[in-house]
Amino acid sequence: MAAQPELELSGIGVAPGIVFGPALVLPADDVAPPDFAIPPEAVEHETLRFERALLATRRQLNDLQTRVSLAMGTESARIFEAHLHVVDDPSFVDEIYHDLRAELRNIESITYRVAERYAQALQQMEDDYLRERATDIRDVTRRILRNLGGGGSELVGSFDAPRVLIARDISPSELAAYDRSKLLGMVTELGSLTAHTAILARAMDLPAIVGLRGATARVPEGSAVILDGARGVLVVNPTAERTAEYQRLARGQQAIQQRLATLKDELAVTRDGHLVELSANIELPADADMALARGARGIGLFRSEYLFLAGNGEPTEDAQYQAYADVARKIHPEPVIIRTLDLGGDKLLADGRAHTEANPFLGWRAIRLCLDRPDFFKTQLRAILRASAHNPRVRIMYPMISSAAEVTQANALLAECKQDLAAAGVPFNAAIETGVMIEIPAAALTAELIAPHVQFFSIGTNDLVQYTLAVDRGNERVASLYDPAHPAVLQLIQRTVAAGQRHGIWTGVCGEAASNPLFVPLLLGLGVTELSVGPGAVPLVKDVIRHIHLAAAQDLAREALALADGAAIRSRCRDFVRECAPEILELAG
Ligand code: PEP
Ligand code: MG
């Protein structure tokens, strides 16, 4: 038989590692169930079937939560909390009962349609986290449908030898249900870096690629594949030479990972002796453990909105205080920067219904919402102030700032909170530092006017790039235009740093650009002194810092500022890293 031709496909690499193996191609499992009319007297029977399916679903999810928590820690198991919230959501369930009575169709079809309505509303949201909730709803719905007896089998244990899983989309609970020893890697057609499945793959140390269009159609079942999770490359039917090349690469990567693990307690200091504040971005208090385990010094961004999304609605002041104090104590004596709520506000309305805005990225979110609802905002500020009693380096950061006036308004509310707490005799750090995210070009351009009101700047490149280049950060169609190395972005960073220096305040970067080893020397060369990165990226970024001379990085930044386009800047950055830390490129992709 003639050998099949080699085929190279690429997607978004979300978890590094090179693996070799036969492909297991899963057929798409998101087809609508059969839909047919039922007589009114069947409603009760359908309701009963649904209740039983719901009970079974809840039991399975509790079970999975315990199993995953034992195997991978509570953080990974948190995904199932989100799924249990769907099952326990009275409005979701009531809507199903309502439609069942009103439309008199079979319960499978009603469940599927209600779930799709919810999922599609969430998919329209601006926030990546909320969009991911659509996956949760679909995931739970598939499980409920299975428990109703219709179609789809549990995937666990459906193959014996280890395989590279190729699917249209894999839900976090499906992924978690696999026996890790049977999985070599994972490739999906859908998904993004911030998707729960991608986060879980990283937590499982499972090499993974998402967003690889057409993968299920282009990879024949059982074919030999090589998956390179750092570069996001999948080679189908590799030649012998290609296999040998990747085997060499895989051995190299393993050696690098082993070396990086030894850096945990080392300082992030350049070869010419400049200490960089290397901290971590976290979403929930439990993430602080991973940050410390990977060798981060402090928390440079605590995305507090996840407390509002992960639990049941709006957390009380006490619940917030507990969460902030938990992190403050764990990280003490290092700093913890708590970012005030950065969310499109309608998720907080008591009726929980999604409200859509024509341009949500330019809409009512973050500080805008908080300033419009001072009582709500002050609850959060008081909780953070109270947590500062446990660690004097707890800091407050305001997101989505576009003018100095917003900062002074926020600071005035903070001053009121301090007065209230002082009057009540509640301890807090009266000298708590405040800072702003520089993520809107207007803030970067007027950093000089904002600086007198704050003690630090933290550049959010994720949003700064999208607002500067008018490129939606979540739209894969324009992903090639989304460029943190664009000269306009560099100029805004430089301008922010310079304004900060003139006012004696430091500038950090907490956007994803800081996690990319290619950009680390450039950012430091531009005068940034703090980098806050995903916990998993801490060892890699630390290694880059320890290989470079700050003086050389400053030369690099000067050169980059004189270059005309992002591609040239990126290529210069790559050359720089290749010269001083060549191994790192192996993992950086
Ligand atoms: C950013 O915009 O760069 C940032 C860190 O904030 P988020 O990703 O939460 O919008
Ligand atoms: Mg942002």
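A cavity here is a set of grid points where a 1.4 Å probe fits but cannot get out, and its lining residues are those with an atom within 4 Å of a point. With that in hand, the holes inside this predicted model can be looked at. Two cavities of 30 Å³ or more turn up, and the largest cavity has a volume of about 40 Å³.

What surrounds that space? The lining of the largest cavity is made up of Thr461, Pro484, Val489, Leu490, Ile493, Ala513, Phe519, Leu522 and Leu523. Two helices each put in at least two of these residues, namely α19, which covers 487–502, and α20, which covers 520–525. The top contributor is α19, which hands over three residues to the lining of the largest cavity. Sorted by class, that lining holds eight nonpolar residues, one polar residue and no charged ones.

The same α19 also turns up in a helix pair. Its axis and the axis of α18 (residues 461–469) come within 10 Å, crossing at roughly 125°. An angle like that makes α18 oblique to α19, since it falls outside the ranges for roughly parallel, roughly perpendicular and roughly antiparallel. The crossing of this pair is right-handed. On the α18 side, the contact uses Leu464, Val465 and Thr468, while α19 brings Ala488, Val489 and Leu492. Five of the residues in the contact of α18 with α19 are nonpolar, one is polar and none is charged. Val489 is worth a second look, as this residue of α19 takes part in the contact with α18 and is also listed in the lining of the largest cavity.

A second pair sits further back in the numbering. Helix α14 spans residues 374–387 and helix α15 spans residues 404–423; their axes come within 9 Å and cross at roughly 60°. The two helices are therefore oblique to each other, and α14 goes past α15 in a right-handed crossing. From α14, the contact takes in Pro374, Phe377, Lys378, Leu381, Arg382, Leu385 and Arg386. From α15, the partners are Ala410, Leu413, Leu414, Glu416, Cys417, Lys418, Asp420 and Leu421. Split by class, the contact of α14 with α15 comes to nine nonpolar and six charged residues, with no polar ones.

Then there is the pair formed by α22 (residues 550–562) and α23 (residues 566–580), whose axes come within 10 Å and cross at roughly 160°. Anything over 145 degrees counts as roughly antiparallel, so α22 gets that label relative to α23. Again the crossing is right-handed as α22 passes α23. In α22, the residues Ala552, Ala553, Leu556, Glu559 and Ala560 meet Ile569, Arg572, Cys573 and Phe576 of α23. The contact of α22 with α23 has seven nonpolar residues and two charged ones, but no polar ones.

Finally, the loops hold a couple of backbone oddities. Where does a cis peptide bond show up? It joins His332 and Pro333, with omega at about 5°. Pro333 belongs to the loop between α12 (317–331) and β11 (336–339). Another spot to check is Ala366, which has a positive phi of about 50° even though it is not a glycine. Ala366 lies in the loop that runs between β11 and α13 (367–372). Strand β11 thus has a loop on either side, one holding Pro333 and the other holding Ala366.

Conventions: Residues numbered from 1 in each chain as written. Chains lettered and ligands numbered in written order. Predicted model: local features only at pLDDT ≥ 70, side-chain atom pairs only at ≥ 80, totals over all residues. Heavy atoms only, no water. 1 Å grid on protein atoms, 1.4 Å probe; cavity = no way out; pocket = protein on both sides within 12 Å on 5 of 7 lines; lining within 4 Å. Points joined across faces, edges and corners; volume = space filled by probe spheres on them. Helix = DSSP H or I, 4+ residues; strand = E, 2+ residues; numbered from the N terminus. Nonpolar A, V, L, I, M, F, W, Y, C, P; charged D, E, K, R; others polar. Axes fitted to C-alpha atoms, helices over the stretch in contact; angles between N-to-C directions. Parallel < 35°, antiparallel > 145°, perpendicular 65-115°, else oblique. Left-handed = near helix turned anticlockwise from the far one by under 90°. Contact = heavy atoms within 4.5 Å.
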